[in-house]
Each structure stands twice: as C-alpha cells, then as structure tokens.
Amino acid sequence: MKVSSIACRFTALLLRPNNPLFAKSRALPCASCRRLSTASSEAPEMDAFMEKLKNYEKIGVPKGAGTDSCDGFDLGRMRRLLHTLGNPQSKFKALHIAGTKGKGSTAAFISSILRAEGYSVGCYTSPHIRSIRERITLGTSGEAVSGKSLDSHFHKIKDELDIAIEREKGHLSQFEVFTAIALSLFAEERVQFAVVEAGLGGARDATNVFTSSDLAAAIITNIGEEHLAALGGSLQSIAVAKSGIIKEERPLVLGGPFLPHIESMIRDKALSLCSPVVSASDPGNRSVLKGFSGAYQVPHQLCDILLMIESDLHVSIELFDLQLRLLGTHQLQNAVTATCAALCLREQGWRLSDTSIRAGLESAYLVGRSQFLTSKEADKLGLPGATILLDGAHTKESAQALFDMVNMAYCDARLVVVVAMANDKDHTGFARALLSRGCLEAVCFTEVDIAGDRSRTTSSSVLKCSWIKACREMDVGFLDCRAANYELIEDQFPESSRNMGSESILFVEGSLVDSIRFGHEVLGAKSATGSGIIVVTGSLHIVSAVLGCLET
C-alpha cells in the first residue's frame, strides 16, 4: 500500500531544543491542555458531592458490568433512587437511544427537530467535553443547563440523594446519581420530551428506567465491538444488552446497517414485545450525500433524504438539498435515523412538520465531531493558516468514518494525525483504519487526562508500538523519530529505515501543543503554503484538551 509521507531528507530538519517553533509552544500554558475539564461548572457543591462517588469513566468499566448476569450493574438501586425522587422519569415522554456509535449525534438531531417544532426538550448525553453541564440541555434553546440552575436543583434534592446513597451503602455511582439529577430536573422544568442516551449497553444501564407508558420510542443506532468485555464478549451479547431498551408495544427505530444475524436478533426481541420496527436502512429509503462546502468557515454537506417505509408503520418524507453541519456519511445515517424517530412521533399524533424536521436537522451541531477550528482559533494556537480538524473518533469504525469524511471534503489532502487514546480501546485496529484511509505524512503520539485523571491514559510509547505493529502488518514504511528531547538525527535510524525511500510515515512523541505545531511544521516542509490538514483524534478527551488551550 502506498502512503505518502515525509522523506528521509527531512530527518535533519526539525525539533532541536532551541527550535523557535518549540520555544513558542513552551510559552503556552499546557497544563490547561492536559486536563479533561478545567472549565468550572459553577456548581461547586454538587461537584464536591459527585467527586465522592465511584466514577467508572475514570477507573474503567468492570468486565460483565453491562450484562444480564450476577456481574451486571444493579438497575434496582437506580429505580429505588428515582422512587425516592418521586419517579421523575414518568413526567414526560422519553426517546431512549442505545448503540455502539452515533448515539450523541442522533440525540442532537432529534432534540433539534423537536425544538424546531416548539417543544420543550430535555436532552441527556455523555460524556462531556469541557463541563459536566454539557450533558444536560433544556428547553427550546438547546443550551447546556446553567451552573446556577444545576446547583439550585441539586440543593433541592440533596437530602433525598443522601438518603439513597446511605441506603445503598455507597454503591450508587456518579453516572447513576447524575442521571437521576438530570431526570429530576427535566420533571421540574416540565419538559414535554426527554431524549436520553444510554451510557453503556442498554439492559443494565442506569438510563433504562422507562416503562412502556413513559416511552415514545426506543432507538438502536448500530452494533459494534466497543466495550466488548463489559457487554459479554460477543456481538450477540452486545445486541442482547442494547435491545434491553425495547419496551412492549412501543416503536423501535433501527439505524444500522446491521449484520443480518444481529438485526434478526433485535427484530425477534421487538416482535416478542409487539413493538413495531422502523428501519433507517429499509430498502425503500434513499439518502444521498451530494457534496461538501466550507464557505464562510461554516462547513456543511449537501444531502437528500427520501424515506418510504411500508412495514409495521407506514411513514414517508422527502427532504432535498439538506445542509447538514454534522459531516460525513455516518452523520447522514444518523440524520436518517433521527428522521425515522420524528416520523414515529408524527404517527403517534405529535405535531411535527416537514419544515421543522428540515430545520432541526440543519441546525444540529456537536462540539468535537468533525469540528474544524476557525482561523481565529488556529491563530490562538500560534498556527496562522493551519487547517485543524478535531474529532473524538476512538474505534476502528469511527476512524474509517472520519477519514471517509476527510477524503470527501478534501480529496487527496496531505494529513498529519495527532492522537491520544484511553487504555481500553483497540489501538491497533484504530491505527489500521487510519493507515488504510489516506495520505499520512506523520503521526504524533501524545497523552491527555481521561475523565480528569491519568489512570486510563495510554502512554504515547504504547500507542506508537500499536502503530508500528499495524504498519508492519500492512507493509507500510515508517520512521521512528524517538524524539523525546526533540532531536532528529538520521544516524539513530537503522539502515533499513534510512533506505525505505520517500514513502514512509514519520512517528514522533511529544506534548499536545508541541505535536500540533510539529504537524504544522511537517506540512509546511513540503509546501510554501503549508497546505494540508492536522487531524486531532483518538478520544473526546484530546478534543477537550485542545479546546482548553483556546480558553486560556
């Protein structure tokens, strides 16, 4: 496979300690780039309360935690907690979303559609980028809940939370308690709809507390291998876990596409519960991605969505020339899934016009999903003219989707990847996906906090080993810079590496800011204009770190 890259002739070019590039980077306050969230939630007492609870996002999810087994999370304690709070989950209609990928984007699309029609909507998603407040949006605006509102509501229910935590002997987790706070806040604010993203799996997830009468629709976006150990070890066990959100006689929306035997399992579960199924991948549907535009620094893609579904529920819509701000074929699929959910609601008698569906799809946006930094933001990083793309991809499937989007929007663009990942991801599979998708000049390995801590952070050297393994498996040339002190000396490479020619990828380790600036220098080394794209990816936590740099 041919992968364009920096040639050996550049090995004497870069990264000595007195290089002015890195003198500038050391002037940036990098501490703000290493933490998951330095932004204040403006709810200090709630923050202190939550810090005392077990945080599985920080320490990792136990094996089997999402399965229907003795090792699985105890959904009973979540129901007892909500009962103590007056069962707030019964005060609105819920759309419950499970799936391996696309949950957050689908939630954003659905929430935006409902708000465009004028409904008051609560949306609960995870994880967050900068502040835990981002997990809760309220009302008709779609803005994150204010710190003042969150703190005020926390104080109203704190006594009940204390009682529940004592009753459960400290076993309630941070995610369970914050989910309860969100649902209680939605009830207090009298939202008409709550769009709720499952955290892990579905059947044993803390969000799986809705009865049939509470639920407007269940949505399963797709099935993949992420969290394999926590969800039983196979695609079939993952499908069983996620299909646990299906409720009797309530519609199920399928995103997909799914492997045939996996879709059959999910449909069989829906059939056993007399739940009608609407599939975004139905043969009668057609979605077309027609082009990409970055005009006025607001990138969007032009799409058509044409749905004609005649099994179980009969729904249809034609939307031509949609301008989606969420980019890529995977986001088009998420938009189709959200549209199917909207049509299910319309079938139930809720007012939802084609105009509102269009407006909602076009206005939906999520930070850290195919997000291009503006020229002002690039300037703030000290990289005027640089094209920097942030994306929280962290699986091989999301990596493929990311680079499909890049190839669509910037055909044959020269690429540098800056990557940091959590230690429970498939690093080699992620590397293979990126190596097979584009013209990589260099890969910069770095480290960031995961959920505000380093316990789940993968070291840059371990990441590099995964990429070296992938390169060898795929017969891709690479040059290992070994530049912990930012020196590139050609003599440190073995003879075989020096003779590989110009088709090799340069590997380098460094801090986040240094890595981004090094990528810019690499792109500029071959072109007077420095044209190319710096792709920062591997985790939403590295996205958070970059955005933290922009806040200083």
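A: Before we look at any loop, it helps to know that helices and strands here are DSSP runs, numbered from the N terminus; the model we are reading is a predicted one. With that in hand, we can say that His-227 lies in the loop between β5 and α9 (235-242).

Q: What is the sign of phi in His-227, and is this residue a glycine or a residue other than glycine?

A: Phi of His-227 is near 60°, which is a positive value in a residue other than glycine. Asp-312 also deserves a look, since its phi is near 65°, again positive in a residue other than glycine, and Asp-312 sits in the loop between β9 (300-309) and β10 (315-324).

Q: Is His-227 buried, partly exposed or exposed?

A: Buried means under 20% relative accessible area and exposed means over 50%, with partly exposed in between; His-227 has a relative accessible area of 31%, so this residue counts as partly exposed.

Q: In what order do the strands of the open sheet run, and which strands are at the edge?

A: The open sheet is formed by 7 strands in the order β3-β2-β4-β1-β5-β6-β7, with mixed pairing. Its edge strands, β3 (136-137) and β7 (277-279), each pair on one side only. Within the sheet, β1 (residues 93-98) pairs with β5 (residues 215-220) in the parallel sense over 5 bridges, and Leu-95 has Ala-217 in β5 as its bridge partner.

Q: Which residues does a cis peptide bond join, and where does the proline lie?

A: One cis peptide bond joins Ser-126 and Pro-127, with omega about -5°, and Pro-127 is found in the loop between β2 (121-124) and β3. A cis peptide bond also joins Gly-256 and Pro-257, where omega is about 0°; Pro-257 lies in the loop between β6 (252-254) and α10 (260-272).

Terms used: Residues numbered from 1 in each chain as written. Predicted model: local features only at pLDDT ≥ 70, side-chain atom pairs only at ≥ 80, totals over all residues. Heavy atoms only, no water. Pairing = 2+ DSSP bridges. Helix = DSSP H or I, 4+ residues; strand = E, 2+ residues; numbered from the N terminus. Buried < 20%, exposed > 50% of the residue type's maximum accessible area, 1.4 Å probe, protein only.
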